[in-house]
Amino acid sequence: MKAIVIGSGIGGMASAVRLASLGFETEVFEQNSFYGGKINSKNIGPYRFDRGPSIFTEPHLVDELLSIVKASDIDFDYHKLPNSCCYFFEDGKRIKLPTGTEAVAACLSEELGEDQKNVEKLLRRFELNYKAVYPVFIKASLHRIMQWLNRKVFKAITRIPFYGLFSSMNTVNRQSFKNPKTTQIFNRFATYNGSNPFKSPGMFNIIAHLELNVGPYMPKGGMVAISDAVYQKALELGVRFHFNKRVEKILYSSGRVEGIETSTNKIVCDLVTSNMDVHFTYDKLLPGLKGPVKILNQEKSTSAVVFYWGIQKTFDNLDVHNIFFSNTYESEFDHLFNKQTLIDDPTIYVHISSKVEKNDAPDGCENWFVMVNAPIDAGQDWVSQKQRLRKNILNKLKRLLKVDIEPLIGEEENVDPVMIEQMYSGKNGSIYGNASNTMMSSFYRHPNFSSKIKGLYFAGVTVHPGGGIPLALSSAAIVEKCVRRDFSIS
Ligand SMILES: Cc1cc2nc3c(=O)[nH]c(=O)nc-3n(C[C@H](O)[C@H](O)[C@H](O)COP(=O)(O)OP(=O)(O)OC[C@H]3O[C@@H](n4cnc5c(N)ncnc54)[C@H](O)[C@@H]3O)c2cc1C
């Protein structure tokens, strides 16, 4: 039996590993010249940058993938970072937030006057919520009826009063904390799947559990080490990769997949998994098939503008992950989702991998990945938007760091929503597919299988269970479960 995977993002490569482990002869077709999708790396002058993701949680999911069939010798090492993030506010307040429930609560009590016991209680609630929803919403397909007939679902239902399902994250957090700065810190986790904390249900506070109770990790060699390791595992299991090969059509007849078509070939197979943005999978690869309109037309998650700056200085007051908060946070999300433009005082994320990966920058220098959440592309003039944004970022950093950054920039490149769409085929540059801005958003993510075409599956952040590396890995695990059932593989 032959399987084809469209796209070598982390969701595609994880699916390929799993399909190969089931005995499928597996081939991956990738439009770019490199594997890993958004988890790729670029050298700019003497600096190395991870171009996409920088926050890594749940590393055991990668370990689990690497140990499929047999433990392999693939070198994948990582360590937990002592701090989750360093936060800067416009009034000059700076908080270096550690990880671990007690340490986070103690820090927020000392720095922001929160009741330590209350913070601990909330963080533990987020952990229990996460553990209750994980087996039901994250590890399994929401869209198969058998999924709903088990004890874990019952347990998840009993916790509904604790999720904050019927209020926004902002409402839940505002009612939970004394200091608006704490609320802002917790609201920020909505952006981890490209959503709006003023609309996204309080349920998504479970993301805070992973970063604050547990903590973020850093792979040795940077984020690209995740792609490298999974690619090696796929090769180990005999997966064949075809680079610079864009898939142009999924072939099917009588409701069953027959293969794919590229610009040069038709390849016959028994199973196709698409790691391409699900919107484009329907629009471009299945033009004759009516897609699930309601799912595909949901509001999209945010995109990003990223500046990659080689900085000729080191900053002792910065950490691996740093946030310079907007002073007008609610308005920032109004700009992102409604006005579809960039605000003049945006929240700025600065990631510096060279703080722990010393080879990523020359001595005395740092590699700054400077990211601002951006609206999806709606035809904005990105050249002028980026020029204004760059100026606003530099002004804000100068205000808060008391250093003029511009003369320190030795190397520079950037990426915007149009480039994100072109590089990875993400609809309008959206990073996570549909936004999670409503209570029902989890149910409006596309299932990991097609109900119209047998043998067609979907993996990656634009389908169930959602955005981020851990969820892309989970989507591949769910594809495996569906394939096992559909192909009667025990
Ligand atoms: C700037 C930025 C920052 C981010 N930060 C984080 C973070 O800190 N933590 C986190 O967990 N996540 C983050 N993300 C999101 C993260 O990138 C995703 O979670 C994950 O990498 C997406 O994996 P994927 O497999 O769904 O898709 P992708 O990585 O998008 O892979 C899809 C692949 O399919 C290929 N493809 C598409 N169409 C075709 C076709 N027709 N034929 C052949 N190939 C095709 C594309 O070229 C691409 O390689 C970030 C993303 C960006 C852009």
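Start by selecting residues 247–253 and 256–262: these are strands β10 and β11, which pair in the antiparallel sense over six bridges. As you look around, keep in mind that this is a predicted model. Within the pair, find V247 and look across to β11, where T262 stands opposite. Then move to the turn of this hairpin, which has two residues between the strands; one residue to click on is S254, with a positive phi near 50°.

Next, select residues 10–21, helix α1. Put a distance between its end C-alpha atoms and you should get 16 Å; at 1.5 Å a residue, the 12 residues should span 16 Å, so the two values agree.

Now show what surrounds the helix. Is α1 enclosed or open? Of its 12 residues, 11 are buried, so α1 is largely enclosed by the rest of the structure. The buried residues are I10, G11, G12, M13, A14, S15, A16, V17, R18, L19 and A20. To see what covers them, colour the strands β1 (2–6), β2 (25–29) and β13 (271–274), then add the helices α2 (60–66), α10 (224–236) and α16 (469–486), all of which are included in the cover. Following α1, stop at G23, where phi is positive, near 105°.

Finally, zoom out and colour by domain. Domain 1 takes in 2–38 + 51–78 + 221–298 + 438–486, while domain 2 is made of 105–141 + 148–212. Their C-alpha centres lie 29 Å apart. Where they meet, 16 residues of domain 1 are in contact with 13 residues of domain 2. The domain 1 side of this meeting has six nonpolar, eight polar and two charged residues.

Terms used:
Residues numbered from 1 in each chain as written. Predicted model: local features only at pLDDT ≥ 70, side-chain atom pairs only at ≥ 80, totals over all residues. Helix = DSSP H or I, 4+ residues; strand = E, 2+ residues; numbered from the N terminus. Expected span 1.5 Å × (residues − 1). Buried ≥ 20, exposed ≤ 12 C-beta atoms within 10 Å, placed from the backbone. Contact = placed C-beta atoms within 7 Å. Domains from an automatic or database assignment. Nonpolar A, V, L, I, M, F, W, Y, C, P; charged D, E, K, R; others polar. Pairing = 2+ DSSP bridges.
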